[in-house]
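Trainee: I should like to learn how to read strand pairing, helices and confidence values in a model of a protein. May we work through one example together?

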Amino acid sequence: MMAENIEWGACPVCGGRVTGKIDSWRSGDRLHVDQPCDEPPVCGNGCPLEDFAPRISFVVKCGDGEPAKEVMKKAVGREWSRMLGKVAHVDPCVCGGTPVLELGEERRLECPDCGRMVWVARPLTEAVGAWNDRMTDLRKQDARRAAAGLLAKGIGLGVASAPHPLSREELAACGSERLLAVWDEDGRYREREVARPLPHIDHAALFDLTGVRVHHWVLADGAIVTSPDGWTEPEHGESSQTVRTLTGHHLVIPNSAVLYVAD
């Protein structure tokens, strides 16, 4: 067995030079390549790569007369390039937004437009795969609903645009007898259905939800939040849901606070 500190390729953060320690040993025409535990790759510019990718470990064919060291270097370079490729192809969110990587105390891939996210509690390459899989599933759900004629006014499980607040002109022309009023009260979200003649509510936005598919989040404290976003089954240990309000804000709701979500 030999241990080599070799160049792997480019840094996914800054493009600088990445090196790392690799163990390899030959068995017949097979070369075993293994990254030692607790030996993450190192960026020459100091970028943190500890949680970027799973540990390298594979077996590659080594032909007669081929130097094992050169085979190992080429194989590690290919594997590192493959991991970089996985991170380079992050699907856009179903709402059209571009997800960004947040590296605070709670690391996550999050869409800044609608708040959909996956937690990065594993190598980043796998988190990107989880994000892409989730977007694919949402698009498939929308396609099925569109085929069944269930997407009203472009509202679906994935590609969902919130209805807009009525302007004075739209309110005057609106024939609906009941509207939804949404406002903030002491920094807290509030909403209630109102009937004509419409009461005066300071700073309330009024919405006509006739024919629009929305979801009603009923919470344990009795509050109701109407949103274009439906419930998403937690897949990676998420303890909360981020949903959009009709006014375009985001609410983070603990899963334990949700009684049910109704269409």
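Mentor: Let us begin with one pair of strands. Strand S12 (residues 215–219) and S13 run antiparallel and are joined by four bridges. This is a predicted model, and every statement that follows should be read in that light.

Trainee: Which residue stands opposite tryptophan 217 in S13?

Mentor: Strands of a sheet pair through backbone hydrogen bonds, either parallel or antiparallel. Here the residue of S13 opposite tryptophan 217 is valine 225.

Trainee: In what order do the strands of this sheet lie?

Mentor: The order is S13-S12-S16, in an open sheet of three strands with antiparallel pairing. Strand S13 (224–227) and strand S16 (258–262) are the edge strands, and each pairs on one side only. From one strand to the next, the twist averages 20°.

Trainee: Is there another open sheet to set beside it?

Mentor: There is an open sheet of three strands with the order S6-S7-S8, also paired in the antiparallel sense. Strand S6 (100–102) and strand S8 (117–119) each have a single partner strand, so one side of each has no neighbour in the sheet. Neighbouring strands here are turned against each other by 20° on average, direction ignored. S6 and strand S7 (residues 108–110) are joined by three bridges, and leucine 101 has leucine 109 in S7 as its bridge partner.

Trainee: How many residues lie between the strands in the hairpin of S2 and S3?

Mentor: That hairpin has two residues between its strands, and glycine 28 takes a positive phi near 65° there. Strand S2 (residues 17–27) pairs with strand S3 (residues 30–34) in the antiparallel sense over five bridges. Aspartate 23 has aspartate 34 in S3 as its bridge partner. S3 is also joined to strand S5 (residues 57–61) by five bridges, again antiparallel, and arginine 30 stands opposite lysine 61 in S5.

Trainee: In such strands, where do the side chains point?

Mentor: In a regular strand the side chains alternate between the two faces of the sheet.

Trainee: Let us turn to helices. How far does helix H1 reach from its first C-alpha to its last?

Mentor: A useful check is to set the span against the value expected at 1.5 Å a residue. Helix H1 (residues 68–88) has 21 residues and reaches 30 Å, close to the expected 30 Å.

Trainee: Which residues of H1 are buried?

Mentor: Buried here means under 20% relative accessible area. The buried residues of H1 include Val71, Met72, Ala75, Val76, Trp80, Met83 and Val87; Gly77 and Glu79 are buried too.

Trainee: What can be said about a single residue such as serine 240?

Mentor: Serine 240 is found in strand S14 (residues 240–244). Leaving aside neighbours within four places in sequence, serine 240 is in contact with Val252, Ile253, Pro254 and Asn255. Leucine 251 is eleven residues from serine 240 in sequence, and their C-alpha atoms are 9.9 Å apart.

Trainee: What are the totals for the protein?

Mentor: The protein has three helices and 16 strands, and 39% of its 263 residues count as buried. It exposes about 14500 Å², of which carbon and sulfur atoms supply 50%. Of the contacts between residues at least 6 apart in sequence, 47% join residues at least 24 apart.

Trainee: Where is the pLDDT below 50?

Mentor: The protein averages a pLDDT of 78, and 84% of the residues score at least 70. Over residues 150–160 the pLDDT is below 50, and this stretch has 36 contacts in the model beyond near neighbours in sequence.

How values were computed: Residues are numbered from 1 along each chain as its sequence is written. This is a predicted model: local features need pLDDT of at least 70, side-chain atom pairs count only at pLDDT 80 or more; totals for chains, interfaces and linings use all residues. Side-chain values use heavy atoms; hydrogens and water are left out. Two strands pair if DSSP finds at least two bridges between them. The expected span of a helix is 1.5 Å times one less than its number of residues. Buried means under 20% relative accessible area, exposed over 50%, partly exposed in between (1.4 Å probe, protein chains only). Axes are lines fitted to C-alpha atoms, for helices over the stretch in contact, and angles run from 0 to 180 degrees between N-to-C directions. Contact means heavy atoms within 4.5 Å. Accessible areas come from the Shrake-Rupley method with a 1.4 Å probe; for residues, only the protein chains shown count as cover. pLDDT is the predictor's confidence in each residue, from 0 to 100.
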